[in-house]
Amino acid sequence: MGVQSVAVYSEADRNSMHVDMADEAYSIGPAPSQQSYLAMEKIIQVAKSSAAQAIHPGYGFLSENMEFAELCKQEGIIFIGPPSSAIRDMGIKSTSKSIMAAAGVPVVEGYHGKDQSDQCLREHAGKIGYPVMIKAVRGGGGKGMRIVRSEREFQEQLESARREAKKSFNDDAMLIEKFVDTPRHVEVQVFGDHHGNAVYLFERDCSVQRRHQKIIEEAPAPGINPEVRRKLGEAAVRAAKAVKYVGAGTVEFIMDSRHNFYFMEMNTRLQVEHPVTEMITGTDLVEWQLRIAAGEKIPLSQEEIPLQGHAFEARIYAEDPDNNFMPGAGPLVHLSTPSADMSTRIETGVRQGDEVSVHYDPMIAKLVVWASDRQSALSKLRYCLHQYNIVGLRSNVDFLLRLSGHPEFEAGNVHTDFIPQHHKDLLPSHSTIAKESVCQAALGLILKEKEMTSAFKLHTQGTERAFLPWPCSLTQQETRFCFCDVLASPASRD
């Protein structure tokens, strides 16, 4: 589009990919986000110094911060997002529920009041009836959310949610909602412009989650008939128009087994999973954001937006699924990925040799695939996951393969309790083998093969290379690890 980019970075991200890709880049402070990526004045100062006309806030940090949007306006810098009033109304969940109810959008029963005393919240939880969901009034991304199934665990979960909300959003106000058991999480991509127009770009199913955070998203949602799809989209547009929404936003719903849906919240920003919507509609939502921020109308009318094929996004994380998906950090000693093309996208901010930082989200990449139908897209997703090879830290790639290959997932029978329900299949127990033992076993196999036959010996320029026979008893990930360690130096290779 001919738009020059200016990046900001913390000291931890000095050598990161986005810094290298930008036309200009400026340091804004130490690694802790409070001193860098959440430091509004520093970011505004960089915008002024670089003569930037606009700020795109990305997915997190200040992307849904009303004060930052307002500060941009005061400084004469375009905030690529909705007006601060929409962020305020939809960012405070208690306010958004009232607005949605008035706009005719179905909402879940709950308490969204100002009295934040422990006693008041506990009393309302009892009136609503357990199980209930405790949710941070501000923010998103699963932060500050806890499911409470009985009164005896209420206090502990409330305190835990408050601590997390305070750390993530600097606000520990909570709301209480009725918890809908085994619901689906279905969200609708909406766009509004400065001319009063609003459209929906169909729905995404983001039901399969861990720790209230999404793992695999797909569009369109499986099993949704055209009539329900239309009602979802129209409800999302009513929600957007109720707050005079401008730009990209996502209206999130929970859906029961009978396809009744209820407003949950609105994310007043571009979503991490927006590529699956781009794939099924043939649109570029970031380009739309820039055009609308510049005052243009939405590029397409509702009738002109196509729905074609099926797309999946798998979030590849540095985490340990066998240890409650604990996030990890460390160097990416080796990283190889599938080949990207028109129907396969690799969206990443790291390269081989980079380090996944302890300071920020441990996502390594988003793998996005498209095909003409759901089954073909799912086959492509699994094929591409098999092409991933990550060495240096634990990842969730093997877990994603088990998840995407589960018969119930293949059938589209997804809900937010999918992982706990199929825990034994998705997270099978296995013995832990020390890295040293793996390397010793690999060396033993190599030496045994050298002794038994010369068939595995290749002579190239006087150098002898030994190959580990395949298949063997080690898992693919373990074997890849021992190749890296065994062949790390001439001494160990010999």
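Start by selecting β5 and strand β8 (residues 174-178): two bridges join this antiparallel pair. Keep in mind that you're looking at a predicted model. Now pick Gly-110 and find its bridge partner in β8, Glu-177.

Next, bring in the rest of the sheet. It's an open one with four strands, in the order β5-β8-β6-β7, and the pairing is antiparallel. At the edges sit β5 (110-111) and β7 (145-148), each pairing on one side only.

Time for the helices. Select residues 118-128 to show helix α6, which packs on the sheet and touches β5, β6 (132-136) and β8. Its direction makes about 10° with that of β8. Then select residues 154-169: that's helix α7, lying across β6, β7 and β8 and running at about 170° to β7.

Now move on to the largest nonpolar core, which has 44 residues. Highlight Val-190, Phe-191, Leu-232, Val-251, Phe-253 and Phe-263, the ones with the most contacts inside it. Among the elements giving two or more residues to this core are β9 (184-192), β14 (247-255) and α9, but α8 gives the most, with seven residues. Zoom in on Leu-232: leaving out residues up to four places away in sequence, Leu-232 touches Val-186, Val-188, Phe-253, Met-255 and Phe-261. Another core, of 36 residues, lies apart from that one; try Val-208, Ile-215, Ile-216 and Ala-314, which are among its members.

Last stop: helix α9 (residues 274-281). Eight of its eight residues are buried, so the helix is largely enclosed by the rest of the structure. Step just past α9 to Gly-282, which takes a positive phi of about 65°.

Methods
Residues numbered from 1 in each chain as written. Predicted model: local features only at pLDDT ≥ 70, side-chain atom pairs only at ≥ 80, totals over all residues. Heavy atoms only, no water. Buried < 20%, exposed > 50% of the residue type's maximum accessible area, 1.4 Å probe, protein only. Pairing = 2+ DSSP bridges. Contact = heavy atoms within 4.5 Å. Axes fitted to C-alpha atoms, helices over the stretch in contact; angles between N-to-C directions. Core = buried A, V, L, I, M, F, W, Y, C linked by side-chain atoms within 4.5 Å.
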